[in-house]
Amino acid sequence: MCRSIKTLRPPYNNPTDEEINAAALQYVRKISGFRSPSKANRAAFHRALSEIAGSSATLLHSLRIQNRQN
C-alpha cells in the first residue's frame, strides 16, 4: 500500500470525523487510481468513501485504549 498514508490513531486520541473522511478519501484515491472520479464513476466513488469512512470510524471507536498508568 502507500507509505504516506497517515496513521489516524495515536495511542490515546480518537480521530475526528474530518480526519477519518480524509483518510478514506486518500485510500479510495489510491486504490481506484483516480484523484477525482469521472461523472460516470462519481456515485461509486462517493459510495466507497462513505462505506470506508463508516467502517473506519466503527473500528477506531471500538478499539480499547489502555492507559499507560494501569
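1. A nonpolar core is a set of buried Ala, Val, Leu, Ile, Met, Phe, Trp, Tyr and Cys residues joined through side-chain atoms within 4.5 Å. In this predicted model, the largest such core has eight residues, namely Ile20, Ala24, Val28, Phe45, Leu49, Ala53, Ala57 and Leu60. Two or more of these residues come from each of the elements α1 (17-32) and α2 (42-62). The greatest contribution is that of α2, with five residues. As a general remark, nonpolar side chains tend to be buried together in soluble globular proteins.

2. The overall composition is simply stated. The protein chain contains two helices and zero strands. Of its 70 residues, 17% count as buried. The chain exposes about 5,700 Å², and carbon and sulfur atoms supply 49% of that area.

3. Contacts within the chain merit a separate entry. Among those between residues at least 6 apart in sequence, 63% join residues that are at least 24 apart. Alanine 24, a member of the largest nonpolar core, offers a local view: with its neighbours within four places in sequence left aside, alanine 24 is in contact with Leu49, Ile52 and Ala53. Of these partners, Leu49 and Ala53 are also listed in the core.

4. The length of α2 was checked against expectation. With 21 residues at 1.5 Å a residue, α2 should span 30 Å, and its end C-alpha atoms are 30 Å apart, so the two values agree.

5. The buried residues of α2 are Phe45, Leu49, Ala53, Ala57 and Leu60. They lie on the same side of α2, because the arc they cover around the axis is only 95°. The cover over the buried residues of α2 includes α1.

6. The opposite face of α2 should be read alongside the previous point. Turned away from the buried side, this face carries the exposed residues Ala43, Ser50, Glu51, Ser55, Thr58 and Ser62.

7. Glutamate 51 deserves a closer reading. This residue lies in helix α2 and belongs to the face turned away from the buried side of that helix. The relative accessible area of glutamate 51 is 51%; since the exposed class begins over 50%, glutamate 51 is assigned to it. The C-alpha atoms of glutamate 51 and alanine 24 are separated by 8.8 Å, although the two residues are 27 apart along the chain. Glutamate 51 is thus exposed, whereas alanine 24 is part of the largest nonpolar core.

Note on methods: Residues are numbered from 1 along each chain as its sequence is written. This is a predicted model: local features need pLDDT of at least 70, side-chain atom pairs count only at pLDDT 80 or more; totals for chains, interfaces and linings use all residues. Side-chain values use heavy atoms; hydrogens and water are left out. Buried means under 20% relative accessible area, exposed over 50%, partly exposed in between (1.4 Å probe, protein chains only). Helices (H or I, at least four residues) and strands (E, at least two) are DSSP runs, numbered from the N terminus. Contact means heavy atoms within 4.5 Å. Accessible areas come from the Shrake-Rupley method with a 1.4 Å probe; for residues, only the protein chains shown count as cover. The expected span of a helix is 1.5 Å times one less than its number of residues. The arc is that of the directions from the helix axis to the C-beta atoms.
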